[in-house]
Amino acid sequence: MLDKPIHQSGGQLFVQIREVTKHFSAKGPPALETVSGTIETGKITGLVGPDGAGKTTLIRLLTGLSRPSKGAVLIEGEDAYASQHYLHQMLGYMPQRFGLYEDLSVMENLVLFADLKGLSGPQRDETFSHLLKFTDLARFTERLAGALSGGMKQKLGLACALLTRPRLLLLDEPSVGVDPISRRELWSMVSKLVDKSMAVVWATAYLDEAEKCDKVLLLSDGKLLYSGSPANLTDTMTGRVYLARLPQAKRRETIAPLLADASVADAILHGDAIRLLTQKSADLAHIQGLVDGELVPAAPRFEDAFVDRLGGGPDGRSPLVDAMKTHTDTGEAVVEARGLTKRYGSFAAASNITFSQKRGEILGLLGPNGAGKSTTFKMLCGLTAPSEGEGRVAGYDLRTAAADARGRLGYMAQKFSLYGDISVAQNLSFFAGVYGLGHRRAKERIDAMLEAFDLTAYRGTTAGQLPLGFKQRLALAAALLHEPEVLFLDEPTSGVDPITRREFWSHINALTAKNVAVLVTTHFMEEAEYCDRINLIYRGKTIAEGTPDALKASCAGADKSAVTMEDAFIALVARSEQAEKETAA
Amino acid sequence: MTGPILPAPVRRTLSLARKETFQIIRDPSSILIAFILPLILLFLFGFGISLDANSIRIGIVVQDGRADARSLIQAFEASSYFDVVTAFDQAELEPVLVSGKLRGLVIIPSDFSERLRARDPTPIEILTDGSQPNTAQFVTNYAQGVFGVWQARLFGDAAAKPSAAITPQPRFWFNAELTSRYNLVPGSTAVVMTIIGTLLTALVIAREWERGTMEAVLATPVSRIELLLSKILPYFLLGMSSLVLCAIAAVFVFDVPFRGSVFALVAVAAAFLVPALGQGLLISAVTKNQFVAAQLALFTGFLPATLLSGFIFEISAMPLPIRTVTTVIPARYFVTSLQTLFLAGDVWSVLLPAITRMLAVGTFFLTFTWLATPKRIA
């Protein structure tokens, strides 16, 4: 969905960021380096960038809670740090994870923040009733904030930030961990709020959100890459973007040579097609020669421009090809879930999850946080016993031979789950030991992994100090040491920059060529496009299954091209809720 | 709900304090620490751990068979402190002592009567098991006590004699039965209040940092002093209610006499909570991490309150450097004050200096907390 920017008018200068640099320690790179920009009223300004780009640091400078090492943040001409008291009277701030007291009820949270901001009397009651209506939380005033869903927490956080009609509303990653429906609701709520007297800053790592902002400050590694309207940046890519429509079976083998080609800046899988960003004045006939299918011009997206700014995608080669053995494809399913159900008391975290996965296939479990993806994962790893149903991995029944099954699978957790305080090589030898590799083989495999992931230079580096992208490579290396037949990835690329994500998926592509089955959980709609098949999970149940294109097509109206994965998701959820209502009635 | 008449800072403080109270009430662990843990500790110290010697097995080697010696043996046998085995040959009992079945030997030498009459200060010999220093100390002290009392009675009976050499007579004031429970129960009250004052408060600010709520609060017009006060008030009340519980348990369950006034008790406890809360807040202001905060609170609060407050180990018996360290440990003054209040009464000459020192340490902690509490993030 591509909302056109709504708030072209307004636009009074409200915040000036003047060559701001922020160091947290004398050593190491600065969190922000000479960043300048402006924030105007009547606009939603997106603070855009991957994790670690400096978004939160900049937001904290805007709140006046943190002081720039160099430069200044001026709010209506006043220094933010020096005039905090004045600033806090007109500020609405929603920190990451919403800043709510989880052991207080919805109403108690509102009362607390109203008192802190000096809102009282009839004015307070009026504001409460207005905000509760606006956020649709009126029914839940007595519920503890901790017992709310992600989407409701987000709305309550917004309500607390809005209590005193702030003139500057700062939202730090408001949509992380929230389902797409709530994400859209929040966006439309905030859009309604923006008027001539209010400036909104919305920090996000999602580039589709960035696209909808009136203006963006694009950050990468603490540096400002772009400041201005996202459409203007996107438009610079016009004429360089194509969709290559191919038979599904061919897309993985086609993408690597495309990325390696000098005239292609970037290529990603997009359902059955490959989305191509060509270099300026590239020879189209040459590119056509690399593709066994039709090349159709496509509308550029913000992400294309971002990738171009970052110097284009990776070269598509994965040295993993030489570092992994090819598993024989017996044609049988390698991962099987039959009616997997997990109940906690009366609550079913996952119910009747059924699927089977072939070798060399990438299967995505897609759904918002709390939908039951992790529970399903844990059951398939043998970490938790299903209440009902059965699961098999590489032929081992998880009820009877969970340990054997685990020996055949590699697992990469969502958070960096290696040991941050020991070196890269030590981490790998630890995992080699855990997987029971013999001394000689362990050495061989560790060297192969270090080489394949370009980590040799970091051998002795403490893992916790690696740059984000390298941490991720290390985590993948650890999961692949024992050459598993099945690879489980839990939210593998949430929050990473688009280049790192592409690189990561090049590796995954290389693995599928070796007949490794890859099971991915993601809440990230874009990531779902990389999968061969998707199992859409919502509230513990599979609500749809199929290839990304099939799912999108099933929701398309007359105009097929306009449907994104997120649109499909929302439509499918609505459909399943409708069906449930009908069964109930 | 607070009315609109209150000035904004007061309203903000009260609102934050009310929030803190809700959190305390809803968090089962804080109730556990404030009310269940004290009871467990009191029971442990009150009944389980006793520093009193009762029925300690000792041997008496009798090398003198005359009436004086027999009378002394009877005195030992009559004492509730000892369980006595007698023998004539030291060699017979020594291996039993070595094996640990006896805690000590009292040797009545063959010239005991002569020595006694000659006013030899040490007519008997006491052998103890040095591998258990505490018990050894008790055996020595109590054996001397038994001997002293016996000797006094002996010469008292013979008071007709004008040989009125002054006999020392041990008298234990305030705790005439020398029941260690009387000291331990007030002492453990101090430990309990240290846990509430220091450990719980150390966790609360760190918790707000970890959960991201501190940022939300700091971005409002709240000031540092309001933030600190709102943390202090509820935990002060919690500490005081825990004190009431401990005092009631001490008097009614453990039969510890209470000779002071309630007013003095409240004054002393309030004075103690100032440094205890101050220390907890200081810890949480510097660490921002619950785990580190808990460790620091244990090492700088709980352990000194247990080991260096004079509650278990007497301060006067500590080496000078450690004794010096104890002067900055508020629990030390609190233990002294509590023991005074329970066993002696409102001895203001003891209580006032103690209160002054506790407040002094408290002011020190609070000043640093004030300086270390960020109204900013970094």
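Select strand 1 and strand 2 of chain A in this predicted model. The two strands pair in the antiparallel sense, and 6 bridges join them. To see one of the pairs, show Lys22(A) in strand 1 and look across to its bridge partner in strand 2, Leu32(A).

Keep strand 1 of chain A, residues 13-22, and add strand 4, residues 70-75. This pairing is antiparallel as well, over 5 bridges. Which residue of strand 4 is the bridge partner of Val15(A)? It is Ile75(A). For Gln16(A), the partner in strand 4 is Leu74(A).

Now widen the selection to the whole sheet. It is an open sheet of 4 strands in chain A, with the order 2-1-4-5 and antiparallel pairing. Strand 2 (32-40) and strand 5 (78-79) of chain A are the edge strands; each has a single partner strand, so one side of each has no neighbour in the sheet. Next, add helix 1 of chain A, which packs on this sheet and touches strand 1, strand 2 and strand 4. The direction of helix 1 makes about 125° with that of strand 1 of chain A.

**Chain A as a whole**

Zoom out until chain A fills the view. Its secondary structure comes to 21 helices and 24 strands. The radius of gyration of chain A is 25 Å, close to the 25 Å that the globule rule gives for 585 residues, so chain A is as compact as a globular protein of that length. Turn the chain along its principal axes: the C-alpha trace spans about 70 × 60 × 55 Å.

**Where the two chains touch**

Show chain B too, and select the residues in contact across the two chains. There are 28 of them in chain A and 23 in chain B. On the chain A side, at least two residues each come from helix 1 (55-63), helix 2 (84-89), strand 6 (91-94) and helix 3 (106-116). Which element of chain A gives the largest share of this side? Helix 3 does, with 5 residues. Coloured by class, the chain A side shows 11 nonpolar, 10 polar and 7 charged residues.

Stay with helix 3 of chain A and add helix 1 of chain B, residues 8-26. The two helices pack at an angle of about 155°, and their axes are 8 Å apart. Because of that angle, helix 3 of chain A is roughly antiparallel to helix 1 of chain B. Helix 3 of chain A passes helix 1 of chain B in a left-handed crossing.

Show the side chains at this contact. From helix 3 of chain A come Glu108(A), Leu112(A), Asp115(A) and Leu116(A). They meet Arg11(B), Arg12(B), Ser15(B), Lys19(B) and Phe22(B) in helix 1 of chain B. By class, the contact between these two helices has 3 nonpolar, 1 polar and 5 charged residues.

**A sheet in chain B**

Hide chain A and select the open sheet of 4 strands in chain B. Its strand order is 2-1-3-4, and its pairing is mixed. Strand 2 (82-87) and strand 4 (125-128) of chain B stand at the edges with a single partner strand each, so one side of each is left without a neighbour in the sheet. From one strand to the next, the twist averages 25°.

Narrow the view to strand 3 of chain B, residues 104-108, and strand 4 of chain B. These two pair in the antiparallel sense over 4 bridges. Within this pair, Leu105(B) stands opposite Leu127(B) in strand 4. Then add helix 4 of chain B, residues 90-98, which packs on the sheet. Helix 4 touches strand 1 (56-62), strand 2, strand 3 and strand 4 of chain B, and its direction makes about 160° with that of strand 1.

**A helix pair in chain B**

For the last stop, select helix 13 (residues 330-344) and helix 14 (residues 348-372) of chain B. Their packing angle is about 155°, and their axes lie 9 Å apart. Helix 13 of chain B is therefore roughly antiparallel to helix 14 of chain B. The crossing of helix 13 past helix 14 is left-handed.

Show the contact residues of both helices. Helix 13 of chain B brings Pro330(B), Tyr333(B), Phe334(B), Thr336(B), Ser337(B) and Thr340(B). Opposite them in helix 14 of chain B are Val350(B), Leu351(B), Ala354(B), Arg357(B), Met358(B) and Val361(B). The residues of this contact divide into 8 nonpolar, 3 polar and 1 charged.

Conventions
Residues are numbered from 1 along each chain as its sequence is written. Chains are lettered from A and ligands numbered from 1 in the order in which they are written. This is a predicted model: local features need pLDDT of at least 70, side-chain atom pairs count only at pLDDT 80 or more; totals for chains, interfaces and linings use all residues. Two strands pair if DSSP finds at least two bridges between them. Axes are lines fitted to C-alpha atoms, for helices over the stretch in contact, and angles run from 0 to 180 degrees between N-to-C directions. Two residues are in contact if their C-beta atoms, placed from the backbone, lie within 7 Å. Angles under 35 degrees count as roughly parallel, over 145 as roughly antiparallel, 65 to 115 as roughly perpendicular and the rest as oblique. A crossing is left-handed if the near helix is turned anticlockwise from the far one by less than a right angle, and right-handed if clockwise. Ala, Val, Leu, Ile, Met, Phe, Trp, Tyr, Cys and Pro count as nonpolar, Asp, Glu, Lys and Arg as charged, and the others, Gly among them, as polar. The radius of gyration is taken over C-alpha atoms; the globule rule is 2.2 Å times the number of residues to the power 0.38.
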